[in-house]
Amino acid sequence: MFYLIPILSVKVMRNVISVRTQNLRLERDRLQLEKNNLDLQGESLKLQRDNLNLELSFLKSQINPHFLFNTLNAIYARTADVDDHAADLVMRLSNLMRYSLYESNREKVVMTKEVDYIESYIELEKARFSEKVTIEYHLIGNPDHYFIAPLLLISFVENAFKHGTSRSIAPSFVYISIDLEGYNLRFQVKNSVPPKSGLSSLKKTNEKAGGFGLLNTAKRLELLYPQKHKLTVTQTDEQFGIELEIDLTSISHLHEDVKL
């Protein structure tokens with residue numbers, strides 16, 4: 001026993017050390033695997049951003065922005081003294097195009113620019129549909145204090161007019177609300193649904209009531225605000241709506257390169 005106990009003790013210690021070494025290797029391999037997964041996600045995000053930039057560059061290459069803006073300015077000058085409302089619409093259209101061309105390739109913009117874009121779009125749709133649609137719009141909070149990815153919210157507004165109002169011959173409505181509190185954004189859009197549209201699922205909604213626009217926006221949200229947003233889609237035979245909540249904390253604090 002005098003000789004056996006030390007030998008057994010040494011063997012037990014070796015086994016313990018061997019098990020701990022193996023566990024450390026497994027933990028190292030697990031951490032390396034997580035690092036590789038994060039690298040792959042980062043490469044996927046970079047690839048999707050590159051694709052968006054390529055699409056934007058292609059769009060810009062198809063038109064001459066200076067020609068368009070100069071033309072719109074000429075139209076504005078001719079209508080300003082004749083029809084104030086028409087001149088205002090021309091100016092809003094010019095602002096929409098300028099924002100789409102020159103701001104959309106930024107990672108973030110001051111929230112005011114996104115709000116101005118939505119408000120200009122609403123005014124153009126009011127002129128387009130006249131008395132056919134009832135539009136209710138609310139803004140709560142000061143958008144000057146927040147930053148957001150550009151052209152993120154407008155697809156929901158476009159969807160409301162494109163698949164709700166424009167497809168209905170009966171009077172319709174669109175409700176839009178932007179609520180900013182703390183660093184939280186609560187964005188709501190509701191619209192009437194044309195009778196007998198047959199919407200019964202999110203898949204159908206994406207195909208008939210939103211096309212790829214809502215799907216692409218949902219993907220952008222996943223990429224830009226992972227685990228920092230909540231998108232809820234609701235629908236009935238009479239109404240389609242979305243509610244989006246975003247935690248703007250991280251993007252609002254990183255605003256040094258944003259040009260106001």
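**Exercise 1. The surroundings of M111**

Leaving aside its neighbours within four places in sequence, with which residues is M111 in contact?

*Solution.* Before the contacts are listed, the basis should be stated: this is a predicted model, in which local features need pLDDT of at least 70 and side-chain atom pairs count only at pLDDT 80 or more, while totals for chains, interfaces and linings use all residues. Residues are numbered from 1 along each chain as its sequence is written, and side-chain values use heavy atoms, with hydrogens and water left out.

Step 1. Take contact to mean heavy atoms within 4.5 Å. Once neighbours within four places are set aside, M111 touches P143, Y146, F147, I148, L153, I178, L180 and L185.

Step 2. Place M111 in the largest nonpolar core, where a nonpolar core is a set of buried Ala, Val, Leu, Ile, Met, Phe, Trp, Tyr and Cys residues joined through side-chain atoms within 4.5 Å. This core has 38 residues, and M111, I148, V157, L185 and F187 are those that touch the most other members. At least two residues of the core come from each of α3 (84-102), α4, β2 (133-140), α5, β4 (172-181), β5, α7 and β7, and α4 gives the most, with seven residues.

**Exercise 2. Two helices and their spans**

Determine whether the end-to-end spans of α3 and α4 agree with expectation, and list the buried residues of each helix.

*Solution.* Step 1. Helices (H or I, at least four residues) and strands (E, at least two) are DSSP runs, numbered from the N terminus; by this assignment the protein has eight helices and seven strands.

Step 2. The expected span of a helix is 1.5 Å times one less than its number of residues. Helix α4 (residues 111-129) has 19 residues and should therefore span 27 Å, which agrees with the 27 Å between its end C-alpha atoms. For α3, also with 19 residues, the expected span is 27 Å and the end C-alpha atoms lie 27 Å apart, again in agreement.

Step 3. Burial is judged by relative accessible area, with buried meaning under 20%, exposed over 50%, and partly exposed in between (1.4 Å probe, protein chains only). In α4 the buried residues are M111, T112, E114, V115, Y117, I118, S120, Y121, I122, E125 and F129, whereas in α3 they are A87, L89, V90, S94, L96, M97, Y99 and L101.

Step 4. Just after α4, S130 takes a positive phi of about 55 degrees.

**Exercise 3. Salt bridges within and between elements**

Locate three of the salt bridges, and give the accessibility of each partner.

*Solution.* Step 1. A salt bridge is a side-chain nitrogen of Lys or Arg within 4 Å of a carboxyl oxygen of Asp or Glu, and the structure holds seven of them.

Step 2. E34 pairs with R30, their closest N and O atoms being 2.5 Å apart. Both residues lie in helix α1 (residues 4-62), four residues apart, which is about one turn of the helix. An α-helix has 3.6 residues a turn, so residues three or four places apart point the same way. E34 counts as partly exposed because its relative accessibility is 38%, and R30 is likewise partly exposed at 38%.

Step 3. R186 and E243 meet in a salt bridge at 2.9 Å, N to O. This pair links distant parts of the chain, since R186 sits in strand β5 (residues 184-192) and E243 in strand β7 (residues 239-247), 57 residues apart. R186 is partly exposed at 35%, and E243 is partly exposed at 22%.

Step 4. K228 and D247 form a salt bridge with their closest N and O atoms 3.7 Å apart. K228 lies in the loop between α7 (211-224) and β6 (229-235) and D247 in strand β7, so the pair ties together parts that are 19 residues apart in sequence. K228 is partly exposed at 33%, as is D247 at 23%.

**Exercise 4. Totals and confidence**

Summarise burial and contacts for the protein, and identify stretches of low pLDDT.

*Solution.* Step 1. Of the 260 residues, 32% count as buried. Among contacts with a separation of 6 or more, 73% involve residues 24 or more positions apart.

Step 2. pLDDT is the predictor's confidence in each residue, from 0 to 100; its mean is 76 for the protein, and 72% of residues reach 70 or more.

Step 3. Over residues 197-209 pLDDT stays under 50, and the model has 26 contacts beyond four places in sequence for them. Residues 253-260 also stay under 50, with 15 such contacts.
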